[in-house]
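Here is a short briefing on the pockets of one protein model. Keep the structure open while you read.

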Amino acid sequence: MKLVEMQINDFIAVLGSDTPAPGGGSASALAAAQGIALTKMVTELTIGKKKYAEFEDEIELLQKKAKSLQEGLLRAIDEDTEAFNQVSAVFGLPKTTEEEKKARREAMQSALKGAAVTPFSMMEKIVDALKVTQAAVGKSNTNAASDLGVAVLNLKAALQGAWLNVLINLASIKDEMFVRQYRKAGESLVEEGSKIADATYQQILESL
């Protein structure tokens, strides 16, 4: 069964068990999905309201973007665990001969790269989700302003969590060019996303 198809209490139970996956990556994806879902909720509570008629077209566009990001981040919950499972599967490969050892090392490096790219892709979606959330502030239903604030907090935590999952895999990857590329790009996403999150949260806080 896919993680996203579980009951909440079942997912939390397996998350808190001695099974290493799902772990922090899937939890980060869930937090991100919750965040953008809250943003989508606010757009839904704004569309059709006369008070916000001047922003209708923009809010409808944000609603569509939020829906797409929500779907992608939900998929990321399982994608992260699947990437980890690929790494775990390598440990079961034979390592008797030199050829087998070489093949095992290569398989491990490939799996580790996949396990780094998966949360990195999540980070890209999260930054997009933060931009959507920021764009909704001041143009959406003020009765749900606190929900946008919670969305921002979920998204920022998810961004930082996904970054940790990138870093822990980069630490074991031998391809220096790959490591430099993803470390630099990841640092840029964290910086950009954190600035958006902090500014947006402060704007919401001051409006309440």
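**Largest pocket**

The largest pocket holds about 280 Å³ of space. Its lining has 20 residues, and those closest to the pocket centre are Phe84, Ala115, Asn165, Ile168 and Asn169. The model is a predicted one.

Which elements build the lining of the largest pocket?

- Two or more lining residues come from each of helix H2 (24-44), helix H3 (56-90), helix H4 (98-136) and helix H5 (145-170).
- H3 gives the most to this lining, with five residues.

How does the lining of the largest pocket divide by residue type?

- The lining has 10 nonpolar residues and nine polar ones.
- One lining residue is charged.

**Second largest pocket**

- The volume of the second largest pocket is about 200 Å³.
- Its lining consists of Leu3, Val4, Met6, Gln7, Ile8, Phe11, Ile12, Leu30, Gln34, Leu74 and Ile77.
- Helix H1 (8-15), H2 and H3 are the elements that give two or more residues to this lining.
- H1 gives the most here, with three residues.
- By type, the lining of the second largest pocket has nine nonpolar residues, two polar and no charged.

**Side by side**

- H2 and H3 each give two or more residues to the lining of the largest pocket, and H2 and H3 also do so for the second largest pocket.
- H3 gives the most to the largest pocket, whereas H1 gives the most to the second largest.
- One charged residue lines the largest pocket, while the second largest has no charged residue in its lining.

Key: Residues are numbered from 1 along each chain as its sequence is written. This is a predicted model: local features need pLDDT of at least 70, side-chain atom pairs count only at pLDDT 80 or more; totals for chains, interfaces and linings use all residues. Side-chain values use heavy atoms; hydrogens and water are left out. On a 1 Å grid over the protein atoms alone, a cavity is a set of points where a 1.4 Å probe fits but cannot get out, and a pocket is an open set with protein on both sides within 12 Å along at least five of seven lines; lining residues have an atom within 4 Å of a point. Grid points are joined across faces, edges and corners, and a volume is the space filled by probe spheres set on the points. Helices (H or I, at least four residues) and strands (E, at least two) are DSSP runs, numbered from the N terminus. Ala, Val, Leu, Ile, Met, Phe, Trp, Tyr, Cys and Pro count as nonpolar, Asp, Glu, Lys and Arg as charged, and the others, Gly among them, as polar.
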